[in-house]
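Open the model in your viewer and get ready to click along. We'll hop from chain to chain, picking out one piece at a time.

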Amino acid sequence: MEIIKFIIKRLFYSIFVLIGFSMLIFLFIRCIPGDPARLALGENAPEWVVERLREEMHLNDPIYKQYYYWIKGAMKGDLGISLTTQRSVMEDIRQFFLASLELTLYSGILMAILATLFGTMSGWYNNTWIDNVFRIIAYFGIVTPSFVFAIFFVLIFSYFFEILPTIGRLSSGLTPPPYITGLITVDALITGNYAVLIDAIKHLILPASSLMMGPMAQMARIVRSSMVDNLQKDYIMAERSYGIPERVIMFKYLLKPSFIPGVSIAGLSLAILIGNSFLIELVFNWPGLSRYGMNAMLRKDLNSVIAVTIVYSLLFIIINIIVDVIVNGLDPRIELGLARGK
Amino acid sequence: MKNNNINFEKISSQRNRLGRYWYKYSRNPLSILGVITIFIITFMAVSAYYLSPYPESAGNYINFTEASQPPSFVHFCGTDVFGRDIFSRILFGLRLSLLMAIVVLSLSVPVGVFAGLVAGYFRGKWISLLIMRIVDIFIAVPTLLMALVVCSILTPDVFNAMMAVSIAWWAWYARIVYGVVSSVRGEFYIQAAEVSGASTGHILFKEILPNCLSSIFTKMSLDVGSVILIGSSLSFVGLGAQPPTPDLGTMVADGAKLLPNQWWIAIFPACAIVIIVLGFNLMGDGIRDMLGSEEA
Amino acid sequence: MNNPLIEIKDLHVYFRVFGGTLKVLNGVDLIVYPGERIGIVGEMGCGKTTTMKSIMRILPSPPAIIHKGEILFKGKDILKMKTTEIQEIRKKSISMIFEDPTAALNPVFTIGTQIKDVIRFSKQFNEKKNKKTLNANAIQVLREVSLPDPDRVLQNYPVQLSGGMRQRVCIAMALVSTNNMIIADEPGTSLDVTIKDQIFRLLKELVVKRSTAIILVSQALGEVKGMTDRVYIMYAGSMVETSDTNDLFSKPLHLYTKGLLAATPRLTGGGIGEGIEGSIPDYLNSPIGCRFYPRCKYSKPLCKKEKPPFFKVSKGHSVACFLFKDKVMKGDVNEK
């Protein structure tokens, strides 16, 4: 019950933040010099055509009116027309969102698993060679931009070893499976089309790995440092002195408290991951929302930019709420401590 | 005679403190490595003009006879399609990266810290709520995304890129400082200062701010690397420095199209980015360890 | 007398820190016989907890270094044992109660989970270990330490219990995993005075009932008076006096002990004693010789050069001070 109230409260608050954010973006975009209508139609378009587009886009109206039109449309699900694809932005989002979701999902899962694994081992064996090796790898993970990883991976696995593809979600010549969930891997699995499944996975490996290396390293460091902190804690000493075997201490009594900062950082890491997707989808030509958004930004397709940003903000907000719920579930001190009035 | 004694004590206590900081910092050899790396890079960047073997490569230089040469003794990192020496361009590119870090932090940190101080001190009043809601809005989105959006709206330009990253960055400092100030707010010495008539400015800057300094410095030293990372990401997609200005991110982007044959055009700038961010991160970690373990 | 349970011989433990090495323990000698109740009294920083943690081998290993010495448990040197052997000892023979019960309990697990795990891995309760028996045993164990409503306590998290209850839980867990000895490191320090009294009485009752040896570490002489048979007074890293508890209070020998006794305010007038001039030495640049030397009124040049060994003055009463060199009784220092 507490959880439900908590979630609802957070959602309400987040909607306000989202609205505020949309106002901010709107303000930014509409305030800068330059004429979006002219940009859209190009240099050679006659003036009266441009003027008509300006009317359509309400560019001559005062700013609050423009915002009002936009919000009205957004409530109905109409986010305007994309200047690049000439379709409704909503359509575009629908088409591209799932591709990004698939990539981000796998990347995120991979990140969480590897970070936990590396962080825990590094923390448990801290100051040994295992720890030092992991720390060096983690360090390079943090300092290397995602696109550099992309380049290196492409160089090694596509050009040198020639085992992994670099473009898109599926090799040309393969038909994608019927649209059930929109995630090619899941659809292929459901329909039993294993050839497509394997091909899709192959296409996922390089982009997903480039995406998650940086955030994974950051998360692994936090897991490691919280492990090392907790190793010094009195209760670990106490549990040892009560005769609880090392194995149990490591996998049970140390893991859970160490995990709590790890989960919090997972939310932040996912944010970085999403940010990276804008670069990676461009490099690997992945037909996802981030590539679409990136192109929109480069071409100043403002409707699309606003829409993509809002979508991702919403996603980020949901992720944060989930993370908070999990952290509350793991650490009883938060709720119970409050209940005792401490 | 009396003056002499006092000076002596003051110097020795200061020296002791600096010495202690240095001792703590230097415990980790990696931190020393970080500082050395930073020194070298800064030196190289500052004296790029004098160090680079082909300074004209930083500008509108075209020499097709020398184009696309692999690394050699003549050109340490090879040349690009226009015949420009990559090593020289990297040296000049370092300048831009360092400049971006300096500008972004100089802008975003004071703004963020001030906002956090005000919000934390006047907690509960409308100004505090307003500031923190604005902070929440800016934090609602991943930093890279925010910088990309702002940057794409403006004309692609080094200066605009720095503006964009600064805008994306200030809110995090506000949040950290808000946290520290909120916890320090209830301490007795603050109430004592208020009661004895100290001005708000004095309280904010002389009493409260020093408590936040270690968090701020820690975050700043760790942030330098991140700012350079994000900056290079922006220029990778073309939103930063425009040609022919040499910038590490743009160089990687240009070279990426030419893989794998002319690998040096992309790889060397990429390594440069990694090394510079690595150096700053090592140094930042050292500073964090040094400031954090004051309980020793 | 039968063989000692624990015998610490000339233990030196150093800590490496900024500016050098802290020579915290410089030659600790201690003996505990089976079933004995020993007290160790000393002020903050004198090395009591370090010694106890060395016995349990839970010292953080950098920065601590065991420079030299032996800790014999039933004749075998603990400091040289492998991890598996130490774990066996911790499981079955020795356990420790910490000063701060809040820090000693894992905050994200219920009391029930923690106790049941201790029971599961201990060698007591030889019946088959399934959910039902574990639960029953856990309740029984909590009843022994007089915790009301054990069922509810098992489901609680540590944050939901009061300080006294948490300490009782720690005592319960310590009792499960020990046959031979409990080390109680200032068990009452973080508790209210009335609760502290209850805890001490509980501890004594349980220890006497099971004939478990106990080392009670404390800062206050008064705490050990009713609880222990024998007392060690510790100062600046080594023992300076040891005797039967009653003897210590009636016939203190070492100047430090006398100072400690005098410092206890009495209800029967006399006020508070004058204290001892000076403070504990700097472990970083510790002098050779007696560490009490700078504060001692009766010091001699010999005291500055050599660390005094234990001189047995009467049965069960020895003191590490050169003043008593000529009053030595014949026989082994540590003989009971």
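Before the first stop, one bit of vocabulary: two residues are in contact if their C-beta atoms, placed from the backbone, lie within 7 Å. Keep in mind, too, that what you have on screen is a predicted model.

**Stop 1: where chain A meets chain C**

Select chains A and C together. How many residues does the contact take from each chain? It takes 23 residues from chain A and 28 residues from chain C. Now keep just the chain A side of that contact. Three helices of chain A, namely α10 (234-241), α11 and α14 (332-339), each supply at least two residues there. Color α10(A) in something bright: with seven residues, α10(A) brings the largest share of the side of chain A that touches chain C. Sorted by class, this side has twelve nonpolar, four polar and seven charged residues.

**Stop 2: chain C by itself**

Hide everything but chain C. Switch to cartoon view and you can look for twelve helices and twelve strands. The radius of gyration of chain C is 21 Å, close to the 20 Å that the globule rule gives for 336 residues, so chain C is as compact as a globular protein of that length. If you'd like to picture a box around the C-alpha atoms of chain C, make it roughly 70 × 50 × 45 Å along the principal axes.

**Stop 3: chain A, helix after helix**

Swap over to chain A. Here you'll find 14 helices and zero strands. The C-alpha atoms of chain A fill a box of roughly 85 × 60 × 40 Å, again along the principal axes.

Next, select residues 246-283 of chain A, which form helix α11. A straight helix of 38 residues would span 56 Å at 1.5 Å a residue, yet the end C-alpha atoms of α11(A) are only 46 Å apart. Where does α11(A) bend? Zoom in on A:Leu255: α11(A) bends there by about 50°. Then look a little further along for a proline, A:Pro257, which follows within four residues. Past the end of α11(A), click on A:Asn285, a residue with a positive phi, near 55°.

**Stop 4: two helices crossing in chain A**

Two packed helices are described by the angle between their axes and the distance between the axes. Try that on α5 (residues 89-124) and α12 (residues 289-298) of chain A: their axes come within 7 Å and cross at roughly 125°. That angle makes α5(A) oblique to α12(A). To see who does the touching, show side chains for A:Asp92, A:Ile93, A:Phe96, A:Phe97 and A:Ser100 on α5(A). From α12(A), add A:Leu289, A:Ser290 and A:Tyr292. By class, the residues of this contact are five nonpolar, two polar and one charged.

**Stop 5: chain B and its meeting with chain A**

Bring up chain B, which has eleven helices and zero strands. Its C-alpha atoms fill a box of roughly 75 × 55 × 30 Å along the principal axes.

Now turn chain A back on. The contact takes 34 residues from chain B and 36 residues from chain A. On the chain B side, the elements giving two or more residues are α5 (126-139), α6 (143-153), α9 (200-236), α10 (248-256) and α11 (264-292) of chain B. Which of these gives the most? Highlight α6(B), which gives eight residues. Color the chain B side by class to finish, and you should get 25 nonpolar, seven polar and two charged residues.

Key. Residues numbered from 1 in each chain as written. Chains lettered and ligands numbered in written order. Predicted model: local features only at pLDDT ≥ 70, side-chain atom pairs only at ≥ 80, totals over all residues. Axes fitted to C-alpha atoms, helices over the stretch in contact; angles between N-to-C directions. Parallel < 35°, antiparallel > 145°, perpendicular 65-115°, else oblique. Nonpolar A, V, L, I, M, F, W, Y, C, P; charged D, E, K, R; others polar. Expected span 1.5 Å × (residues − 1). Bend = angle between axes of the 7 residues up to and from the residue. Rg over C-alpha atoms; globule rule 2.2 N^0.38 Å.
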